[in-house]
Amino acid sequence: MTIFAAMKIDYLIIGQGICGTWLSYYLQQEDRSFLVLDNNDPNASSRLAAGIINPVTGRRHVAAWMAEEIIPFARQAYEHIGNELGITAILQKNIVDFFPNPQMRLSFMQRVEERANYVSLPQEQNRLLSRFNYEFGCGEIKPVYTVLLENLLPTWRKQLSEKGLLREEEFSMEFLKINATDVHYKDIIAEKIIFCDGNASSSNPYFDLLPFAPNKGELLIAEIPDLPVTHIYKKGMMLVPLATPGLWWVGSSYAWEFDDPAPTPEFRERTTALLKEWLKVPFRIVDHLSGVRPATLERRPFVGLHPVHNKIGLLNGMGTKGCSLAPFFARQLVDHLCYDKPLEAEADIQRFRKILSRNIS
Ligand SMILES: Cc1cc2nc3c(=O)[nH]c(=O)nc-3n(C[C@H](O)[C@H](O)[C@H](O)COP(=O)(O)OP(=O)(O)OC[C@H]3O[C@@H](n4cnc5c(N)ncnc54)[C@H](O)[C@@H]3O)c2cc1C
């Protein structure tokens, strides 16, 4: 007769994208026991993202939600984890914003005249004319950072695996049993289960009533050896230097309505044409990828414990800003779990108490 010893832990985490990474990092700091299950989906949003932490948003370049608090927090968090893991996890790469037309130039100048935070006009407007075609000048957005997800996610994963804290496997609801005092999943008994599984949560029977609004994004990877890697460049699309020298991330699209999450020939053609017109230096497209952002209707994250089933939690809904928001809200969630501290009201899923109190489908 075989007797299975159950593995007893405080938290079972589903997903090791940017949310699961930060949640496990802060739980480890608090000496809580946990196990991460992750299926290593190559199309998960965190594996495709450019990693930009941008303090402004929209055509008017207004400050992003909670930017003053969230961005300095994120910068420090990525620096710390990078130092601990012996990798570069974050770099400052301000955006050179090439104005596509005179109206955009005017609108940017107005923000500069209003002394808005994060925007300025570089003195030497012609500095980049040998590399780019641009007729209407450029502005600068700063400070902007890029998170080197291609360094961070695999290195953290390796460390968790080596400590026996991560299993590469598909999580399936059919094996989950929620009790009054704990949750059971196969050989695991955990005090709580926290879902950090990105878009998969939108079909989770405990959370499928939340207003998720998945958003498709496509990107190209291009080899462009002759661009200075000091900045991100923007003109309709963003050109972002990757950790591998010479490689650039080019994107992306934003589609709320789509039938198929796969890359489309239209995006490839449109973006290649844009690069041909914009760049004076040679480039070569080496890849074309697409993914779906776990976005939400009201553009605020979903953080916290289920109002009815308090053994189940969620860290999700990061939309276009997972790199900025995940460290801050993972820390808040850990403080909430360990010390009963309140969550930011606009992010706390208790705001959907009524909806989430309906019967599980
Ligand atoms: C093209 C594109 C560009 C982007 N650019 C930026 C950017 O520049 N800056 C920025 O901040 N954000 C950007 N984003 C958004 C960002 O990627 C997301 O906000 C963020 O990555 C979401 O992280 P997550 O951990 O919640 O989800 P995910 O990244 O989706 O992670 C979920 C994890 O769960 C795992 N998983 C899912 N289901 C299961 C299951 N059943 N069993 C086991 N494991 C499972 C997956 O493998 C994955 O590892 C971009 C997104 C896209 C698509």
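**Loops, helix packing and aromatic pairs in a predicted model**

Arg299 is exposed, with 60% relative accessible area. Since the model is a predicted one, everything here is read from computed coordinates. Arg299 sits in the loop that runs between strand E19 (284–293) and strand E20 (302–305). Its backbone is a bit unusual to look at: phi is near 55°, a positive value in a residue other than glycine. Lys186 is another such case, with phi near 50°, again positive and again not a glycine. This residue belongs to the loop between strand E13 (183–185) and E14. With a relative accessibility of 47%, Lys186 counts as partly exposed, because it falls between the 20% and 50% cut-offs.

Two peptide bonds also catch the eye. The one leading from Lys142 to Pro143 is cis, and its omega is near 0°. Pro143 is part of the loop between strand E9 (138–141) and strand E10 (145–147). The other goes from Gly251 to Ser252 and is cis as well, with omega near -5°. Here the loop in question joins strand E18 (247–251) and H6, and Ser252 is found in it.

Not every loop residue is out in the open. Asn204 lies in the loop between strand E14 (188–195) and strand E15 (215–223), yet its relative accessibility is 3%, so it counts as buried. A polar atom of the Asn204 side chain lies 2.8 Å from the backbone nitrogen of Tyr206. Setting aside residues up to four places away in sequence, Asn204 touches Met173 and Phe195.

Next come the helices. Helix H3 (residues 67–85) packs against helix H7 (residues 322–339) at an angle of about 85°, and the two axes are 8 Å apart. That angle makes H3 roughly perpendicular to H7. On the H3 side, the contact is made by Glu69, Ile70, Phe73, Ala74, Ala77 and Tyr78, while H7 brings in residues including Cys323, Leu325, Pro327, Phe328, Phe329 and Arg331. Sorted by class, this contact has 10 nonpolar, 2 polar and 2 charged residues.

Arg331, a residue of H7, deserves a second look. Its relative accessibility is 14%, and it therefore counts as buried. Its side chain makes a polar contact with the side chain of Asp335, at 2.7 Å. Apart from neighbours within four places in sequence, Arg331 is in contact with Tyr26, Gln29, Glu30 and Phe73.

Aromatic rings meet in many spots, and the structure holds 22 aromatic pairs. One of them joins Tyr25 and Trp156 edge-to-face, with 5.6 Å from centre to centre and 65° between the planes. Tyr25 is in helix H1 (residues 18–29) and Trp156 in helix H5 (residues 149–162), so this pair ties together parts that are 131 residues apart in sequence. Tyr25 and Trp156 are both buried. Phe98 and Trp278 make up another pair: their ring centres are 5.9 Å apart and their planes stand at 80°, so this pair is edge-to-face too. Because Phe98 lies in strand E7 (residues 95–98) and Trp278 in helix H6 (residues 265–278), the link spans parts that are 180 residues apart in sequence. Phe98 and Trp278 are each buried. These two also belong to one aromatic cluster, along with Phe132, Tyr134, Tyr233 and Trp248.

Terms used:
Residues numbered from 1 in each chain as written. Predicted model: local features only at pLDDT ≥ 70, side-chain atom pairs only at ≥ 80, totals over all residues. Heavy atoms only, no water. Axes fitted to C-alpha atoms, helices over the stretch in contact; angles between N-to-C directions. Helix = DSSP H or I, 4+ residues; strand = E, 2+ residues; numbered from the N terminus. Parallel < 35°, antiparallel > 145°, perpendicular 65-115°, else oblique. Contact = heavy atoms within 4.5 Å. Nonpolar A, V, L, I, M, F, W, Y, C, P; charged D, E, K, R; others polar. Buried < 20%, exposed > 50% of the residue type's maximum accessible area, 1.4 Å probe, protein only. Polar contact = N/O pair within 3.5 Å; in protein donor to acceptor, adjacent residues only side chain to side chain. Phe/Tyr/Trp six-rings, centres within 6.5 Å; stacked < 30°, edge-to-face > 60°.
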